[in-house]
Amino acid sequence: MACKDCESNIWKQKLGRCKRCMWINFILLLTSALGSYFMFQAEPKSVQSIALFFTLFCSGILMLLHSIAWLYYYFTKASKHNLK
C-alpha cells in the first residue's frame, strides 16, 4: 500500500487509520455478502458457499475492528501516529 500506516508490519498501527484499507475491506464485505446470499440459496453445503460465508464472517469482524478503532481515534482525538 502507499500510505505510511500500511507499510508497517504491526496490525495495531493499521486498524482504523487507513481510509484505503477500510474501503477495500468494505468492498470485500459487500461483495462477499452479496455472493453468499446468492450461493446459499442454491446449495448451502457446497464448498464455495462455505468459503464465501467464512470470507463474510472474517471481513465482517475486520470491519468491526476497523470501525471501533476509528471511533476511538475520532472521539479521543488521538494523533495519527501516537500509538500509546
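## Alanine 33 and its place in helix H2

Let's start with alanine 33, which counts as partly exposed because its relative accessibility is 30%. Alanine 33 belongs to helix H2. Please keep in mind that you are looking at a predicted model.

Where does threonine 55 sit relative to alanine 33? Along the sequence the two are 22 residues apart, while in space their C-alpha atoms are 8.8 Å apart. Threonine 55 will turn up again below, as a partner of a serine side chain.

## The overall fold

Now a step back to the whole chain. The protein chain contains three helices and zero strands, and reading along the sequence gives the pattern α-α-α. Helix H2 covers residues 19-42, and helix H3 covers residues 47-76.

How much of the chain is buried? Of the 84 residues in the protein chain, 24% are buried. The area that the chain exposes comes to about 6500 Å², with 71% of it supplied by carbon and sulfur atoms. Contacts across the sequence are worth a look too: among those between residues at least 6 apart, 59% join residues at least 24 apart.

## Serine 59, a buried residue

Serine 59 is part of helix H3. Is this residue buried or exposed? Serine 59 counts as buried, because its relative accessibility is 4%, and the cut-off for buried is under 20%.

Its side chain has polar partners in the backbone. A polar atom of the serine 59 side chain lies 2.8 Å from the backbone oxygen of threonine 55. The side chain of serine 59 also reaches the backbone oxygen of leucine 56, at 3.3 Å. Which residues does serine 59 touch once its neighbours within four places in sequence are set aside? They are Asn25, Leu28, Leu29 and Ser32.

## A nonpolar patch on the surface

Which residues make the nonpolar surface patch of about 800 Å²? Trp23, Phe26, Ile27, Leu30, Leu34, Tyr37 and Phe38 make it. One of these patch residues, tyrosine 37, is placed in helix H2.

Two other members of the patch, Trp23 and Phe26, can be described in more detail. Tryptophan 23 is exposed, as its relative accessible area is 56%. Phenylalanine 26, at 38% relative accessibility, counts as partly exposed.

## Aromatic pairs

How many aromatic pairs does the structure hold? There are four. One of them is formed by tryptophan 23 and phenylalanine 26, with an edge-to-face arrangement: the ring centres are 5.9 Å apart and the planes meet at 90°. These two residues are three apart in helix H2, so about one helical turn separates them.

Another pair brings together tyrosine 74 and phenylalanine 75. Their ring centres are 5.2 Å apart and their planes stand at 75°, so this pair is edge-to-face; the cut-off for that label is over 60 degrees. Tyrosine 74 is partly exposed, with a relative accessible area of 43%, whereas phenylalanine 75 counts as exposed at 62%. Through ring pairs, Tyr74 and Phe75 are linked with Trp70 into a cluster.

Notes
Residues are numbered from 1 along each chain as its sequence is written. This is a predicted model: local features need pLDDT of at least 70, side-chain atom pairs count only at pLDDT 80 or more; totals for chains, interfaces and linings use all residues. Side-chain values use heavy atoms; hydrogens and water are left out. Patches are made of residues with over 30% relative accessible area and no salt bridge: like charges are joined within 9 Å, nonpolar side chains (Val, Leu, Ile, Met, Phe, Trp, Tyr) within 5 Å. Accessible areas come from the Shrake-Rupley method with a 1.4 Å probe; for residues, only the protein chains shown count as cover. A salt bridge is a side-chain nitrogen of Lys or Arg within 4 Å of a carboxyl oxygen of Asp or Glu. Helices (H or I, at least four residues) and strands (E, at least two) are DSSP runs, numbered from the N terminus. Buried means under 20% relative accessible area, exposed over 50%, partly exposed in between (1.4 Å probe, protein chains only). Contact means heavy atoms within 4.5 Å. A polar contact is a pair of N or O atoms within 3.5 Å; within protein, one must be able to donate a hydrogen and the other to accept it, and residues adjacent in sequence count only if both atoms are side-chain atoms. Rings of Phe, Tyr and Trp (its six-membered ring) pair if their centres lie within 6.5 Å; planes under 30 degrees apart count as stacked, over 60 as edge-to-face and the rest as tilted.
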